Structures are given as structure tokens and as C-alpha cells.
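Me: Got a minute to go through this protein with me? I'll paste it here.
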Amino acid sequence: MHEEKRKHHRIKINCDLSAVYPDSSIVFLYYTENLCEGGVGIVLDKKMPVGGIVKLNIFLPEQKLAIKCEGEVRWTSKIENKDKDKVLYQTGIKFINIQEKDTENIRKLVSKFLNHG
């Protein structure tokens, strides 16, 4: 049985997200699966190594500027996919090197969804 270790409330929300991986000049575009002030869950078509660092741009609803930060891949798990030709990975990323104002914006968004969801 999986033990819950989250410190922050998490909401299911789709936000645009771009990620740049180390040793790559390619920008990958994704959608968030869930979000909290401590990190983000996304589904990728590439397995990222746990401990790997990615540069993130997260576009929150109703915000003009993207949140720019780095994230550390904390876990990854292969998931069932209807399209048998494509393998997908659910991936948890912990925010690192994020500005306090951006953390606060995420905190406010999560609170808004939890209270008015």
C-alpha cells in the first residue's frame, strides 16, 4: 500500500507547462495533471531519471507571466495508455529554485480551488 507523504494540498488542474531538460535545447510542451505549492505532477512520453533537474515554465490560469523555476524529478511511474504504440510516464516534480512570490501565487490558486472547487 502506498503511504501518502505529501506536505501540501494538491489540486487537479490543467495548466500549460514547458520543460527544458539538461543537455537538450528542445523545449517540451505539456499540461500539468496536478499542482501544489511544492511541486507538480505531469504525464510525459519520456521517462526522466529520478533526481534529474528540469527548467520549468508554468502558466497558471489568469496569470500574465509564467512561473519560471527549476524542478527535481522525485518519482516516475509507467502508466496504462489506450494508444498501445506510446508509453507514458506519470512524473512527480518537486519545485526547487522558485521565487517566494511564485510559491504564493500557487498557494492562492490551490486555496481558491479547495474553497470554491
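Reply: Sure, let's start with the fold and then go to the core and single residues. Keep in mind that this is a predicted model.

Me: What's the order of the elements from the N terminus on?
Reply: They run β-β-β-β-β-β-β-α, so to speak in shorthand; that is seven strands and one helix.

Me: And how much of the protein counts as buried?
Reply: 34% of its 117 residues. The exposed surface comes to about 8100 Å², with carbon and sulfur atoms supplying 50% of that.

Me: Which residues touch the most other members in the largest nonpolar core?
Reply: That core has 24 residues, and the ones with the most partners in it are Leu17, Leu35, Val40, Leu56, Ile58, Leu60 and Phe95.

Me: Which elements supply at least two residues of this core?
Reply: Strands E2 (16-20), E3 (27-36), E4 (39-44), E5 (53-59), E6 (67-79) and E7 (88-96) each do, and so does helix H1 (100-116).

Me: OK, Ile58. What does it touch, leaving out residues up to four places away in sequence?
Reply: Ile58 contacts Cys15, Asp16, Leu17, Ala66, Ile67 and Phe95.

Me: Switching to Thr103, where is that found?
Reply: In helix H1.

Me: Buried or exposed?
Reply: Thr103 counts as buried, because its relative accessibility is 10% and the cut-off for buried is under 20%. Leaving out residues up to four places away in sequence, Thr103 touches Glu37 and Ile98.

Me: Last one: of contacts between residues at least 6 apart, how many join residues at least 24 apart?
Reply: 54% of them.

Notes. Residues numbered from 1 in each chain as written. Predicted model: local features only at pLDDT ≥ 70, side-chain atom pairs only at ≥ 80, totals over all residues. Heavy atoms only, no water. Helix = DSSP H or I, 4+ residues; strand = E, 2+ residues; numbered from the N terminus. Buried < 20%, exposed > 50% of the residue type's maximum accessible area, 1.4 Å probe, protein only. Contact = heavy atoms within 4.5 Å. Areas by Shrake-Rupley, 256 points an atom, 1.4 Å probe, with all protein chains shown as cover. Core = buried A, V, L, I, M, F, W, Y, C linked by side-chain atoms within 4.5 Å.
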